[in-house]
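Reader: I'm new to this one, and I'd like a close look at a single part of it. Could you pick one helix and walk me through it, with a little of the surroundings too?

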Amino acid sequence: FISLPARAGSIQNVLSTLPGVGALLVIAVACGRWVSINLRNAVLLAGGVLLLGIVELRRQNASKASPAKPYRHLPLAWTAMLLISTFSFQRRSPLEAAQGRASLENLVELAVYSLIAFYVWSRWRHVSERKPPRLGVTPFFLWPTVALVSTIWSVIPVFTLGRSLELFVPLFLSILTARIWCTSAADGHFIWQSTMRYLVHTTTILALAGFAVRDWPDNRYTWPFSSSGFVAVIASVCLLFLITGGRREARLSPLGFWVRVLLFSSVLYLSKTRSVLAGLALGLITVIWLAGR
């Protein structure tokens, strides 16, 4: 998924390789720790990598040229943003957390957020050169700013500082995506479509892993290293995309489409999270209303 320049002929090319190299290192460390636990994890990871490789090859064959070449990695940034905070792979005592000690899980999440922030910064210039229209985004900065200021009186200032800075990353990522969409509808649609496809394919693998492992606390479905609530949210988002976008947006065969609809519906039902079911119903109503306009 990460393409690096064949050779770094300038400082710009060197900088462009840093997000890819950093992402590979983070993924390698996380996967290495996970597969070292037992053989089952190694088999699951190998199968997941194989499936992702097949999906990527199919996608490349379907579309050799990306209409959003400068932003071809933006869908991956969105997918990572949507998923990274839902994983919890390290258990520690509440006392350690209260003392503000950073865990490996915190460091991995912070590293991913930092890579996304660097990527947004590196792509910002490309959008500015196309002179996108001004967007009224000032109100959206109020909450992250209040969170950042709250570090002053926080009981755990290091934790509050890290979390508040993370709030700015999805905000700037959203603004970048909106600016791209305002300058090119084709690029905006490509980013949206590719993001949802990545999310659907990744969630498919995670959902199958959940059924394979079957480590469900309180008899509520979840996949490895996540809670039932987060799992239900991600599955409902994918299900909403499939229902409203159909096979055309998802680029799936009839069998692949209906298998995923059944899989995500099963995940949503077995996770037993009523608030997410209400959210999905509200989402469907909203989509119907928007389509009518």
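Author: Happy to. Keep in mind that this is a predicted model. To set the scene, 37% of the 293 residues in the protein chain count as buried. The chain has 11 helices and zero strands, so if you read along the sequence, the pattern is simply α-α-α-α-α-α-α-α-α-α-α, with helices and strands taken as DSSP runs. Contacts reach across the sequence as well: among those with a separation of 6 or more, 70% are between residues 24 or more positions apart. As for the outside, the protein chain exposes about 17,300 Å², and carbon and sulfur atoms supply 68% of that area.

Now for the part I'd zoom in on: helix α8, which covers residues 185–213. How far apart are its end C-alpha atoms? They are 42 Å apart, and that agrees with what you'd expect, because 29 residues at 1.5 Å a residue should span 42 Å. If you try the sum yourself, use one less than the number of residues, since that is how the expected span is defined.

Is α8 enclosed or not? Of its 29 residues, 21 are buried, so the helix is largely enclosed by the rest of the structure. Right after α8 comes Arg 214, and its phi is positive, near 55 degrees.

For one residue inside this helix, find Thr 203, which sits in α8. Thr 203 has a relative accessibility of 1%, and it counts as buried because the cut-off is under 20%. And what does Thr 203 touch? Setting aside neighbours within four places in sequence, Thr 203 is in contact with Trp 223, Ile 234, Cys 238 and Phe 264.

While you have the model open, there is also some empty space to look for. Rolling a probe the size of a water molecule over the atoms shows where empty space is left. Here the count comes to one cavity of 30 Å³ or more, and about 30 Å³ of space lies in the largest cavity. Its lining is made of Ile 84, Phe 87, Phe 89, Glu 105, Val 108 and Glu 109. By class, that lining has four nonpolar residues, two charged ones and no polar ones. Helix α5, residues 104–128, gives the largest share of the lining, with three residues.

Notes: Residues are numbered from 1 along each chain as its sequence is written. This is a predicted model: local features need pLDDT of at least 70, side-chain atom pairs count only at pLDDT 80 or more; totals for chains, interfaces and linings use all residues. Side-chain values use heavy atoms; hydrogens and water are left out. On a 1 Å grid over the protein atoms alone, a cavity is a set of points where a 1.4 Å probe fits but cannot get out, and a pocket is an open set with protein on both sides within 12 Å along at least five of seven lines; lining residues have an atom within 4 Å of a point. Grid points are joined across faces, edges and corners, and a volume is the space filled by probe spheres set on the points. Helices (H or I, at least four residues) and strands (E, at least two) are DSSP runs, numbered from the N terminus. Ala, Val, Leu, Ile, Met, Phe, Trp, Tyr, Cys and Pro count as nonpolar, Asp, Glu, Lys and Arg as charged, and the others, Gly among them, as polar. Buried means under 20% relative accessible area, exposed over 50%, partly exposed in between (1.4 Å probe, protein chains only). Contact means heavy atoms within 4.5 Å. Accessible areas come from the Shrake-Rupley method with a 1.4 Å probe; for residues, only the protein chains shown count as cover.
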